[in-house]
Amino acid sequence: MITITLKNEGKALKQIIFHGHAMYDYGKDIVCAGVSTILTTTVNAILKFNDQAIELSQEKDIVLTVLIEDEVTSKLLENMVELLYELEESYPKNITIRKRD
């Protein structure tokens with residue numbers, strides 16, 4: 001299962017942690033592909049507008065950290081989270097989203 005943890009400070013999203021694998025169907029994992037596409041598209045769009053706005057790291061987990069809050073970054077991250085919630089709704093056995101303050 002993919003676990004996505006949203007870390008907020010107040011109302012502002014500060015960090016998103018992606019952990020695990022969906023295990024939907026080996027070689028045809030549409031859930032992992034969906035999460036990867038949503039993440040990659042969002043990161044690329046944010047970096048195109050402001051290459052200092054976020055930091056992406058990957059060791060065991062993929063960690064997206066918000067460094068600069070601006071309107072474009074916030075809107076793109078809101079869209080990403082909405083898309084991830086839609087994916088979770090369709091595949092609850094393969095992806096879960098948690099909020100942490």
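The legends below describe close-up views of a predicted model.

**View 1. The sheet of the predicted model is open and has 5 strands.** The strands follow the order S3-S4-S2-S1-S5, and their pairing is mixed. Strand S3 (54–58) and strand S5 (95–100) are the edge strands; each has a single partner strand, so one side of each lacks a neighbour in the sheet. From one strand to the next, the twist averages 15°. Strands of a sheet pair through backbone hydrogen bonds, in either the parallel or the antiparallel sense.

**View 2. Strands S1 and S5 run parallel.** Strand S1 covers residues 2–9 and is joined to S5 by 6 bridges. One residue to look for here is Ile-4, whose bridge partner in S5 is Ile-97.

**View 3. Strands S1 and S2 form a hairpin.** There are 2 residues between the two strands, and Gly-10 in the turn has a positive phi of about 65°. S1 and S2 run antiparallel and are joined by 7 bridges. Within this ladder, Lys-7 has Gln-15 in S2 as its bridge partner.

**View 4. Strand S4 pairs with S2 and with S3.** The pairing of S2 with S4 is antiparallel and extends over 4 bridges. Here Ile-16 is found opposite Leu-64 in S4. S3 and S4 also run antiparallel, with 5 bridges joining them. Glu-55 is found opposite Thr-65 in S4. The connection from S3 to S4 is a hairpin of 3 residues.

**View 5. Helices H1 and H2 pack on the sheet.** Helix H1 is made of residues 30–49 and lies across S1, strand S2 (12–19), S3, strand S4 (62–66) and S5. The direction of H1 is at about 145° to S3. Helix H2, residues 71–90, touches S1, S2, S3, S4 and S5. The direction of H2 makes about 135° with that of S5.

**View 6. Helix H1 meets helix H2.** The two helix axes come within 10 Å and cross at roughly 175°. H1 is therefore roughly antiparallel to H2, because angles over 145 degrees count as such. On the H1 side, the contact residues are Val-31, Gly-34, Val-35, Ile-38, Leu-39, Thr-42, Ala-45, Ile-46 and Phe-49. On the H2 side they are Val-72, Thr-73, Leu-76, Leu-77, Met-80, Leu-83, Leu-84 and Leu-87. Sorted by class, this contact has 14 nonpolar and 3 polar residues, with no charged residues.

**View 7. The largest pocket has a volume of about 360 Å³.** It is lined by 17 residues, and the closest to its centre are Phe-18, Gly-20, Ser-36, Gln-58 and Ile-62. S2, H1 and S3 each provide at least two residues of the lining of the largest pocket. H1 gives the most, with 6 residues. By class, the lining of the largest pocket divides into 8 nonpolar, 7 polar and 2 charged residues.

**View 8. The second largest pocket has a volume of about 300 Å³.** Of its 14 lining residues, those closest to the centre are Asn-8, Lys-11, Ala-12, Leu-13 and Glu-78. The elements that give two or more residues to this lining are S1, S2 and H2. H2 supplies the largest share, 6 residues. The lining of the second largest pocket has 6 nonpolar, 3 polar and 5 charged residues.

Note on methods:
Residues numbered from 1 in each chain as written. Predicted model: local features only at pLDDT ≥ 70, side-chain atom pairs only at ≥ 80, totals over all residues. Heavy atoms only, no water. Pairing = 2+ DSSP bridges. Axes fitted to C-alpha atoms, helices over the stretch in contact; angles between N-to-C directions. Contact = heavy atoms within 4.5 Å. Parallel < 35°, antiparallel > 145°, perpendicular 65-115°, else oblique. Nonpolar A, V, L, I, M, F, W, Y, C, P; charged D, E, K, R; others polar. 1 Å grid on protein atoms, 1.4 Å probe; cavity = no way out; pocket = protein on both sides within 12 Å on 5 of 7 lines; lining within 4 Å. Points joined across faces, edges and corners; volume = space filled by probe spheres on them.
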